[in-house]
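Q: Please take a close look at one part of this structure, the strands and the helix towards the end of the chain. I would like a connected account of how they pair, what is buried there and what surrounds them.

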Amino acid sequence: MSRPLYRGFSGVGRSSNGGFSAGGIDPCDPVDDIYKGKEFPENGFGNELSNLAGMRKLRKDFAIFLLKLGLAVITIIALVSSLSWAISISSSSKGTAYHGYRRLQEQLIADLLNFGELSLGISKLKEVEFCAPEFESYVPCYYNISESADLMDMDMNLQHERLCSRDSAVGCLILPPRNYRIPLRWPSGKDFIWKENVKITGQEFSSGSLTKRMMVEEEQISFRSDSLMVDGVEDYSHQIAEMIGLRNESNFNEAGVRTVLDIGCGFGSFGAYLFSRQVLTMCIADYEGSGSQVQLTLERGMPAMISSFARTQLPYPYLSFDMIHCARCEIQWDKNDGIFLVEVDRLLRPGGYFVWTSPLNTHRMLREKENQKKWSFIKDFTESICWDLLSQQEETVVWKKASGRKCYNLKKKSSQVCSRNHDMESPYYQPLNPCIAGTRSQRWVPIEYHTPWPLQARPNSTELSVHGVRLEDFTEDSSNWNSVVGNYWSLLSPLIFSDHPKRPGDEEPQPPFNMLRNVLDMNAKFGGFNAALLDAGKSVWVMNVVPTSGPNYLPLIFDRGFIGLQHDWCEAFPTYPRTYDMVHAEGLLSLESHRKGKCSLLDIFLEVDRILRPEGWVIVRDTASLIESARLVATKLKWDARIVELDTSTDEKLLVCQKPFFKKQQQ
């Protein structure tokens with residue numbers, strides 16, 4: 001287990017008796033005490049009672065006079081203060097006024113958070129308990145073995161649907177499997193993973209996998225086999241390159257192919273190979289209780305998330321991917337009037353490629369009438385949505401989406417092309433749309449005309465204007481992130497490697513090349529954190545998340561050659577437990593604090609804990625008051641936490657946390 005980052009937490013104190021006292025008026029009046037025990041005549045009030053009545057009347061009149069006087073004084077003070085405030089506002093700059101308002105707003109939020117913590121009593125300050133062992137692979141919002149057994153009799157398609165509710169949220173800390181081990185350092189982890197880290201056996205294979213066999217050793221699963229894919233992954237990639245008219249797969253970038261969506265990706269071998277060719281592949285697959293394609297791909301250090309072609313659109317903008325790949329993904333493309341092919345078209349950029357590898361495409365399979373019927377429908381439908389059939393070799397077929405708008409303009413009179421009211425750029429799990437999207441977008445630029453990678457990550461003023469972003473703002477954001485990333489690693493490097501001394505004969509470790517691979521940015525904005533990590537030469541990939549509660553720059557992130565998705569952080573993230581090495585959040589707490597009653601800070605941090613690997617890192621940057629509240633939550637989650645003061649003019653602080661490896665808790 002790593003040495004705790006920081007175990008002394010300041011600012012958390014209690015009174016000696018553990019309670020709180022409040023000042024006020026004493027209900028026991030001394031005047032009344034004078035008459036305690038006095039006896040009055042049975043037949044009347046007597047003189048003493050008369051005197052008492054007069055005294056009480058005099059006291060009442062005096063109290064009313066003081067009350068009126070107090071109200072008058074308060075009114076005068078309020079009017080004078082309001083006048084002075086108005087004069088100061090009119091004479092000050094807008095920036096000063098905004099800064100003052102912002103500080104008041106943040107203090108109000110802090111007071112509300114503190115009040116909420118105190119109002120729940122001492123029990124609220126207790127640490128969160130560990131979950132039961134059956135929750136070790138729990139994924140909220142999806143069908144789970146650990147969920148209600150009543151679901152077992154329902155339609156099995158339910159497991160492919162994302163259904164979120166407050167009841168599905170995790171209220172405890174999920175422990176890793178008993179024999180879990182920290183993943184191997186990158187790039188070794190791409191080819192070898194620890195067998196006990198994932199729910200899979202040597203004989204178990206996921207549907208849609210291209211894998212013919214895995215080499216399962218005593219403790220590891222090896223992916224270093226030449227027969228990992230059909231004819232080998234290298235030969236398969238070379239075949240696709242030739243089918244789209246390239247010399248080899250090394251020319252994908254030159255042809256405008258940078259981002260690929262791999263549907264039913266097996267164990268991520270296709271994406272792992274393309275990564276070395278500067279092609280970024282996002283793997284998506286259904287939720288699977290064991291033998292998960294997504295879990296295995298992430299364990300290998302490659303991008304992946306749970307998602308499926310079912311009844312809702314995928315959480316990506318239209319015109320986002322240069323290539324969409326489906327190899328034995330078992331999607332019935334001919335079903336539901338071809339609506340899944342329409343979703344592929346929505347995600348593909350103009351001139352993009354759809355690669356489909358299936359036994360259905362072979363001459364032997366096409367001898368059957370049912371398969372002929374399916375193939376005929378798919379061939380005719382793709383032609384109707386303006387795709388050109390480029391090439392077919394054995395099981396693999398490649399289509400190219402039309403680069404120009406001419407074909408789509410001819411279809412506008414029909415219902416095939418979406419109207420302006422139904423042409424949503426970034427739908428968030430909206431029902432599948434049967435019409436063709438994106439044809440009116442300013443982002444309609446054929447991939448062959450895109451700036452090739454890596455220059456693609458630095459858009460010019462014209463490209464930025466499409467997203468409503470000024471070049472000055474973008475340049476300032478990029479410069480800021482380059483500086484921030486340098487500071488982050490100056491801070492993290494000694495902390496990471498102080499507990500991981502190099503072994504005799506090993507080379508000096510180069511952070512984060514060895515220790516960090518899978519990074520999640522909870523509030524990505526322009527994707528500046530991702531770009532700065534690449535500029536700094538860090539061998540990581542970043543899942544850029546754009547919260548639904550803030551401005552949506554996800555189209556810009558994809559246009560820069562990065563990947564990401566929209567997400568509501570009051571819901572579970574579509575991934576398995578223990579899949580990210582680092583989670584970063586800049587300004588997210590301020591953004592989410594405006595969503596009153598939606599979810600708590602503890603809810604969000606519990607989800608971060610679920611997806612974070614043991615010994616993983618959390619970096620949160622926000623206002624000082626919110627960081628203090630976040631640190632309190634971090635202690636409840638048993639994280640090691642440290643607040644870092646920032647040398648800036650803003651009222652911001654940095655919270656750096658590390659999740660401990662609670663292996664001993666399972667024994």
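A: The account below begins with the chain as a whole, turns to the requested part, and ends with some local features elsewhere.

This is a predicted model. The chain holds 17 helices and 17 strands, and 51% of its 667 residues count as buried. Its accessible surface comes to about 33,200 Å², with 53% of that belonging to carbon and sulfur atoms. Among contacts between residues at least 6 apart in sequence, 72% join residues at least 24 apart.

The requested part can be followed strand by strand, starting from β14. Strand β14 spans residues 580–586 and is mostly covered, six of its seven residues being buried. One of its partners is β11, with which β14 pairs in the parallel sense over three bridges. In this pairing Val 519 stands opposite Met 582 of β14. Another partner is strand β15 (residues 612–623), which pairs with β14 in the parallel sense as well, over six bridges. Met 582 appears here again, standing opposite Trp 617 in β15. Met 582 thus has Val 519 opposite it in one pairing and Trp 617 opposite it in the other.

From β15 the pairing continues to β17. These two strands run in the antiparallel sense and are joined over seven bridges. Thr 623 is the residue that stands opposite Glu 652 in β17. Strand β17 in turn pairs with strand β16 (residues 640–645), in the antiparallel sense and over six bridges. Asp 640 stands opposite Gln 658 of β17. β16 and β17 form a hairpin, and six residues lie between them. Taken in order, the pairings link β11 to β14, β14 to β15, β15 to β17, and β17 to β16.

Strand β17 merits attention for its burial. Seven of the seven residues in this strand, 652–658, are buried, so the rest of the structure largely encloses it. The burial extends to both faces: Glu 652, Leu 654, Val 656 and Gln 658 are buried on one side, and Lys 653, Leu 655 and Cys 657 are buried on the other. Two of these residues have already been met in the pairings, Glu 652 opposite Thr 623 and Gln 658 opposite Asp 640.

The helix of this part is α16, which covers residues 601–611 and is mostly covered, with ten of its eleven residues buried. The buried residues are Leu 601, Leu 602, Ile 604, Phe 605, Leu 606, Glu 607, Val 608, Asp 609, Arg 610 and Ile 611. Their cover includes the strands β11, β14 and β15, together with the helices α15 (588–592) and α17 (624–636). The strands that cover α16 are therefore among those described above, since β11, β14 and β15 belong to what covers its buried residues, and β14 pairs with β11 and with β15.

A cavity also touches this part. Seven cavities of 30 Å³ or more are counted, and the second largest has a volume of about 70 Å³. Its lining consists of Phe 130, Leu 173, Ile 174, Leu 175, Pro 176, Asp 609, Pro 614, Lys 659, Pro 660, Phe 661 and Phe 662. By character the lining divides into nine nonpolar residues, no polar ones and two charged ones. Asp 609, one of the buried residues of α16, is among the lining residues.

Some local features lie outside this part. Trp 186 and Pro 187 are joined by a cis peptide bond with omega of about 10°, and Pro 187 is found in the loop between α3 (94–119) and α4 (188–191). A cis peptide bond likewise joins Trp 453 and Pro 454, again with omega of about 10°; Pro 454 lies in the loop between α10 (406–409) and α11 (461–465).

Positive phi values occur at two residues that are not glycine. Lys 525 has a phi of about 55° and lies in the loop that runs between β11 (518–521) and α13 (528–535). With 43% relative accessibility, Lys 525 counts as partly exposed. For Gln 278, phi is near 65°, and the residue is located in the loop between α6 (269–275) and β5 (280–285). Gln 278 is likewise partly exposed, at a relative accessible area of 41%.

Methods
Residues are numbered from 1 along each chain as its sequence is written. This is a predicted model: local features need pLDDT of at least 70, side-chain atom pairs count only at pLDDT 80 or more; totals for chains, interfaces and linings use all residues. Side-chain values use heavy atoms; hydrogens and water are left out. Helices (H or I, at least four residues) and strands (E, at least two) are DSSP runs, numbered from the N terminus. Buried means under 20% relative accessible area, exposed over 50%, partly exposed in between (1.4 Å probe, protein chains only). Contact means heavy atoms within 4.5 Å. Accessible areas come from the Shrake-Rupley method with a 1.4 Å probe; for residues, only the protein chains shown count as cover. Two strands pair if DSSP finds at least two bridges between them. On a 1 Å grid over the protein atoms alone, a cavity is a set of points where a 1.4 Å probe fits but cannot get out, and a pocket is an open set with protein on both sides within 12 Å along at least five of seven lines; lining residues have an atom within 4 Å of a point. Grid points are joined across faces, edges and corners, and a volume is the space filled by probe spheres set on the points. Ala, Val, Leu, Ile, Met, Phe, Trp, Tyr, Cys and Pro count as nonpolar, Asp, Glu, Lys and Arg as charged, and the others, Gly among them, as polar.
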